[in-house]
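Hi everyone, thanks for coming. I'd like to walk you through a structure that may be new to you, so let's bring it up on the screen.

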Amino acid sequence: MKASFENTLDPTFQSALADEIVSMVAAVVSNASAPDSAIRALVKSRQDSLAPEQRAAAAALQAYGIRCAADVFTPALEPEAIERAAKLRQALESQSADDALAALESNPEAGMEFKSRMSRAIASKCAELAAAEIERAKSGPVTILNEADAKVFETQHAQHQKQRSQATTTFLSSLPVRFPSFGVDLFNAIRRDVQREIEENHKRPDVHAAVAALFDDAIAAMPANIRDKVAAAAGGH
């Protein structure tokens with residue numbers, strides 16, 4: 001199945017699909033884009049770029065991508081955000097080839113380029129969200145006239161941040177198990193690239209520390225034998 005995906009869709013295009021779907025899921029979940037608009041944009045992108053026989057495979061990759069991204073982006077959000085993500089997922093699943101989507105779920109190496117890029121894009125987005133949260137906190141508390149409402153908001157916001165961090169570390173820690181043949185190296189590559197990206201884009205040491213903590217917590221959550229593999233692979237680079 002791996003070969004069929006690589007033969008059907010160029011690896012470079014798989015990477016572009018991954019970046020597109022992660023960005024689209026983030027926009028839909030945050031309500032920056034409506035699901036219907038996102039669906040139309042994704043359909044048009046496939047029609048403009050791909051031959052008819054390639055479109056169902058591309059939709060399967062995107063459907064797989066939204067399943068993974070939504071699991072990370074939607075924890076603790078309002079039900080409407082989860083519903084928007086579900087609508088996008090259902091539309092993509094209906095447009096995909098059933099056997100292609102099944103292959104992506106059952107075969108870790110199917111669509112390997114897409115899965116690698118998707119994982120990096122999710123991690124990068126989570127790191128930027130963590131950085132944005134620190135920047136928001138620096139600007140001071142949200143102004144709410146009612147003191148009781150302000151306390152409720154801050155409590156709910158703190159819970160949301162905790163659940164989002166947990167979802168991020170759960171996703172990152174799963175990579176070596178989810179993708180046995182390449183997940184260890186993928187985790188280390190993502191950790192290196194995302195931390196460098198954050199250091200280049202943000203000058204605050206507390207932002208760097210917060211993003212580093214996401215990866216440290218992910219390693220701590222891994223089984224001991226996987227942690228040893230991650231450490232050994234990182235030491236070899």
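Let's start from the outside: the protein chain exposes about 11,600 Å², and carbon and sulfur atoms supply 53% of that area. Please keep in mind that this is a predicted model. Of the chain's 237 residues, 45% count as buried.

Now, what is the chain built from? You'll find 11 helices and zero strands. As for contacts between residues at least 6 apart in sequence, 77% of them join residues at least 24 apart.

Let me show you two helix pairs. In the first, helix α3, residues 35-49, and helix α5, residues 79-95, have axes that come within 9 Å and cross at roughly 30°. Angles under 35 degrees count as roughly parallel, so that is what we call α3 and α5. The crossing of α3 past α5 is right-handed. On the α3 side, the residues in contact include Ile 39, Leu 42 and Val 43, and on the α5 side, Leu 88, Ala 91 and Leu 92 are among them. By class, this contact has eight nonpolar, one polar and four charged residues.

Our second pair is helix α9, residues 183-201, with helix α10, residues 205-221; their axes are 9 Å apart, at an angle of about 170°. Over 145 degrees counts as roughly antiparallel, and α9 and α10 are therefore described that way. Phe 187, Ile 190 and Val 194 are among the α9 residues here, meeting α10 residues that include Val 211, Phe 215 and Ile 219. The contact of α9 with α10 divides into 10 nonpolar, two polar and three charged residues.

Technical notes. Residues are numbered from 1 along each chain as its sequence is written. This is a predicted model: local features need pLDDT of at least 70, side-chain atom pairs count only at pLDDT 80 or more; totals for chains, interfaces and linings use all residues. Side-chain values use heavy atoms; hydrogens and water are left out. Axes are lines fitted to C-alpha atoms, for helices over the stretch in contact, and angles run from 0 to 180 degrees between N-to-C directions. Helices (H or I, at least four residues) and strands (E, at least two) are DSSP runs, numbered from the N terminus. Angles under 35 degrees count as roughly parallel, over 145 as roughly antiparallel, 65 to 115 as roughly perpendicular and the rest as oblique. A crossing is left-handed if the near helix is turned anticlockwise from the far one by less than a right angle, and right-handed if clockwise. Contact means heavy atoms within 4.5 Å. Ala, Val, Leu, Ile, Met, Phe, Trp, Tyr, Cys and Pro count as nonpolar, Asp, Glu, Lys and Arg as charged, and the others, Gly among them, as polar. Buried means under 20% relative accessible area, exposed over 50%, partly exposed in between (1.4 Å probe, protein chains only). Accessible areas come from the Shrake-Rupley method with a 1.4 Å probe; for residues, only the protein chains shown count as cover.
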